[in-house]
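Subject: Structure for your review

Dear colleague,

Please find below the structure that I am passing on to you. I would be grateful if you would read the notes that accompany it.

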Amino acid sequence: WYQGRVREAVVSTQSTGEGGLLTLTGAVPCLKGTSFMMGYGLSKAAVHQLTKSLAAPNNGLPDNVSVQCILPVTLDTPMNRKFMADADFTTWTPMSYVADMFTRWAEDPSSRHPNGSLVKIITEKSETREEAE
């Protein structure tokens, strides 16, 4: 799994031009210990580190590429609804929010968070916001 993520990042950097955008996906729970899901926590923590490393100077990326890592909690997908039917969906992030966020970041570089940000996507009572770390 980890090798696949690194390979995706390398391929993405090869096709990202100057001023481009590279996004990776981490997870909020993996900012802390994840004793209940160690393998998942380890792999997402590696993505968080990869984000920071790719945002550092002399990273091999074209000039002014912005590296962002989104940290969703739970995304509102048909599969999640199927397997967590009794959950509180008002805390789930709609996929349309994520798509709109990526479109905004791609079209308006000034709307991006600082390079190397871990961007929490938090939904409470059906209201979604972004918090960058």
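The notes below describe the overall fold, the sheet and its helices, the nonpolar cores and the cysteines.

Please keep in mind that this is a predicted model.

Overall fold. The protein is built from four helices and six strands, and along the sequence these elements follow the pattern α-β-α-β-β-α-β-α-β-β. The protein has 133 residues, of which 37% count as buried. Its exposed surface comes to about 7900 Å², with 55% supplied by carbon and sulfur atoms. If one takes the contacts between residues at least 6 apart in sequence, 61% of them join residues at least 24 apart.

The sheet. Four strands make up an open sheet of mixed pairing, in the order S1-S2-S5-S6. Strand S1 (21-25) and strand S6 (127-132) are the edge strands, each pairing on one side only. From one strand to the next, the twist averages 25°. As a general matter, strands of a sheet pair through backbone hydrogen bonds, either parallel or antiparallel. Here, strand S5 (residues 117-124) and S6 run antiparallel and are joined by six bridges. Within this pair, Thr123 has Thr128 in S6 as its bridge partner.

Helices on the sheet. Helix H2 (residues 38-55) packs on the sheet, where it touches S1, strand S2 (66-72) and S5. The direction of H2 makes about 160° with that of S2. Helix H4 (residues 95-107) also packs on the sheet and touches S1, S2, S5 and S6; the direction of H4 makes about 45° with that of S6.

Nonpolar cores. In soluble globular proteins, nonpolar side chains tend to be buried together. The largest nonpolar core in this model has eleven residues: Leu22, Leu24, Val47, Leu50, Leu54, Leu61, Val65, Val67, Cys69, Leu71 and Leu118. S1, H2 and S2 are the elements that each give two or more residues to this core. Another core, of six residues, lies apart from it and includes Val98, Met101, Trp105 and Val119.

Cysteines. Which cysteine has a relative accessible area of 7%? That residue is Cys30, which is buried. Cys69, a member of the largest nonpolar core, is likewise buried, at 0% relative accessibility. A disulfide requires a pair of cysteine sulfur atoms within 2.5 Å, and by this rule the count is zero disulfides.

Yours sincerely,

A colleague

Methods:
Residues are numbered from 1 along each chain as its sequence is written. This is a predicted model: local features need pLDDT of at least 70, side-chain atom pairs count only at pLDDT 80 or more; totals for chains, interfaces and linings use all residues. Side-chain values use heavy atoms; hydrogens and water are left out. Buried means under 20% relative accessible area, exposed over 50%, partly exposed in between (1.4 Å probe, protein chains only). Contact means heavy atoms within 4.5 Å. Accessible areas come from the Shrake-Rupley method with a 1.4 Å probe; for residues, only the protein chains shown count as cover. Two strands pair if DSSP finds at least two bridges between them. Axes are lines fitted to C-alpha atoms, for helices over the stretch in contact, and angles run from 0 to 180 degrees between N-to-C directions. A nonpolar core is a set of buried Ala, Val, Leu, Ile, Met, Phe, Trp, Tyr and Cys residues joined through side-chain atoms within 4.5 Å.
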